[in-house]
Amino acid sequence: MIEPTWTPERVEQLRSYFEAGLSCRDIAGNIGVSRNAVIGKLSRLNLSRGAPDGERRPRRRKPAAPAERPSAKQQLVMLQAVYDQKADDAPVVSSNSCSLLELSEQRCRWPINTPGADDFCFCGNTPLGGMPYCSGHSRLAYQTGSRQRAARG
Ligand SMILES: [Zn+2]
């Protein structure tokens, strides 16, 4: 019967010699086995020297993209929200119609009726943010896009 090279006792010796920093040759001499046997056993035990201890790669996450600032794109999004709310042909109610002199940044400047006529005025509704017109008239002003959207949907 052949005695196995690595008895539990020898393995313990191997570990302790290894941790003590002995060379493979010294370990082999102390235990009474071949140097190759020591090297092979160390590798099977995942014991090795000089190997890089588990590469540590810090995983850096990409910084979050900066938030987009209010832009023309956002205005388009607002317009689309308006399109979604109202049917294309819904009439725009201008309950705050005003004259040219009364127009301001805060009033929709959509012309109502024929310029020069007695009842000519401007819509005067509160404009959509960043737009010259109220939501209803913005929709009319950009109706082409609206139609395309309707056709798609
Ligand atoms: Zn308007």
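**Figure 1. Surface and overall make-up of the protein.** The accessible surface of the protein, in this predicted model, comes to about 11700 Å², and carbon and sulfur atoms account for 50% of that area. Of the 153 residues in the protein, 24% are buried. The protein has 6 helices and 2 strands, and, read from the N terminus on, its elements follow the order α-α-α-α-β-β-α-α. Among the contacts in the protein with a separation of 6 or more, 53% join residues that are 24 or more positions apart.

**Figure 2. Close-up of helix 1, residues 8–20.** Helix 1 has 13 residues and reaches 18 Å from its first C-alpha to its last, which is close to the 18 Å expected at 1.5 Å a residue. Within helix 1, the residues V11, L14 and F18 are buried. Seen down the axis of helix 1, its buried residues fall within an arc of 55°, and they therefore line one face of the helix. An α-helix has 3.6 residues a turn, so residues three or four places apart point the same way. On the other side of helix 1, the residues E9, E19 and A20 are exposed. Helix 1 is followed by G21, a residue whose phi is positive, near 95°.

**Figure 3. Close-up of the cover over helix 1 and of the largest nonpolar core.** The buried residues of helix 1 are covered by parts of the protein that include helix 2 (24–31) and helix 3 (35–44). The largest nonpolar core has 13 residues, and those with the most contacts inside it are W6, L14, I27, I31, V33, V38 and L42. Helix 1, helix 2 and helix 3 are the elements that give two or more residues to this core, and the largest share, 4 residues, comes from helix 2.

**Figure 4. Close-up of the surroundings of L14.** When its neighbours within four places in sequence are left aside, L14 is in contact with W6, I27, I31, V38, K41, L42 and L45. L14 is one of the buried residues of helix 1, and L14 is also among the residues with the most contacts inside the largest nonpolar core.

**Figure 5. Close-up of V11, a residue in helix 1.** V11 counts as buried because its relative accessibility is 13%, and the cut-off for a buried residue is under 20%. Leaving aside its neighbours within four places in sequence, V11 is in contact with W6, K41 and L45. V11 and V38 are 27 residues apart in sequence, and their C-alpha atoms are 9.5 Å apart in space.

Terms used:
Residues numbered from 1 in each chain as written. Predicted model: local features only at pLDDT ≥ 70, side-chain atom pairs only at ≥ 80, totals over all residues. Heavy atoms only, no water. Expected span 1.5 Å × (residues − 1). Buried < 20%, exposed > 50% of the residue type's maximum accessible area, 1.4 Å probe, protein only. Arc of directions from axis to C-beta. Contact = heavy atoms within 4.5 Å. Core = buried A, V, L, I, M, F, W, Y, C linked by side-chain atoms within 4.5 Å. Areas by Shrake-Rupley, 256 points an atom, 1.4 Å probe, with all protein chains shown as cover.
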